[in-house]
Amino acid sequence: MKKTTGSIIACVIMILVGGLYYFLKDEPLVPQAKEAEPEAQQTSKLSYAGNSIIEEKDGKRLWELKAETIEIDVTTKNVQMKNLVGTFYQEKGGKIEITAPEAFLDSKTKDISMSTQVRAVASDGGTFNAKDARWSSNEKRFYGSGDVILTKEDTVITGDKIESDSNMEKVKVYGNAKVIKGGSSQ
């Protein structure tokens with residue numbers, strides 16, 4: 001009888017220890033499913049405000065572009081600008097201040113296309129107005145189109161399109177070209 005009672009007590013103790021082990025063991029919690037994070041939108045443009053872009057060659061500043069906002073396409077490196085204020089430095093020391101509501105800089109050619117009423121003022125007092133304008137970096141020339149008006153001293157030149165060197169000294173006018181000497185543009 002003593003053997004049977006001892007065996008029963010041993011079995012009860014083993015069942016109690018097994019039960020305690022079962023309830024108290026460190027079971028890894030079932031990993032909770034992560035909430036689906038919203039997929040990060042791939043942005044293809046970087047935006048800046050109040051910055052400027054400068055082009056230099058041989059330590060000499062060629063132009064400086066400032067804009068209210070500058071967006072750079074991360075893939076193409078092309079630049080879109082709003083409310084551009086640009087300065088083009090001339091070889092003879094003068095400069096041309098140019099403004100345009102919209103502008104685009106091609107990162108490969110360094111050409112600058114300006115649109116939506118472009119206005120430029122040279123340090124010698126000459127002015128230029130056109131609906132659209134483009135600076136060709138390779139040719140070092142300005143191109144304007146759409147109601148072009150170029151005023152220098154007492155000469156007013158109007159036309160549909162205009163082409164000029166970087167100093168605005170050599171000018172070609174195309175389409176409805178008129179030159180008025182002794183007048184004003186307004």
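1. Start with Phe142. At a relative accessible area of 6%, Phe142 is buried, because the cut-off for that class is under 20%. Bear in mind that this is a predicted model.

2. Trp135 is the partner of Phe142. Their rings form a tilted aromatic pair, 4.8 Å centre to centre, with 50° between the planes. Trp135 is also buried, at 6% relative accessibility.

3. Trp135 pairs with Phe88 as well. The ring centres of Phe88 and Trp135 are 5.3 Å apart and the planes stand at 55°, so this pair is tilted. The contact joins distant parts of the chain: Phe88 sits in strand β4 (residues 79-89) and Trp135 in strand β9 (residues 132-136), 47 residues apart. Phe88 is buried, like Trp135.

4. Taken together, Phe88, Trp135 and Phe142 make up one aromatic cluster. The model has 3 aromatic pairs.

5. Now the backbone. Asp58 is not a glycine, yet its phi is positive, about 55°. Where does Asp58 lie? It is in the loop between β2 (52-57) and β3 (60-73). Asp58 is exposed, with a relative accessible area of 77%.

6. Glu153 deserves the next look. Its phi is near 50°, again positive in a residue other than glycine. Glu153 falls in the loop between β10 (141-152) and β11 (155-165). Is Glu153 buried or exposed? Its relative accessible area is 73%, so Glu153 is exposed; the cut-off for that class is over 50%.

Methods
Residues are numbered from 1 along each chain as its sequence is written. This is a predicted model: local features need pLDDT of at least 70, side-chain atom pairs count only at pLDDT 80 or more; totals for chains, interfaces and linings use all residues. Side-chain values use heavy atoms; hydrogens and water are left out. Rings of Phe, Tyr and Trp (its six-membered ring) pair if their centres lie within 6.5 Å; planes under 30 degrees apart count as stacked, over 60 as edge-to-face and the rest as tilted. Helices (H or I, at least four residues) and strands (E, at least two) are DSSP runs, numbered from the N terminus. Buried means under 20% relative accessible area, exposed over 50%, partly exposed in between (1.4 Å probe, protein chains only).
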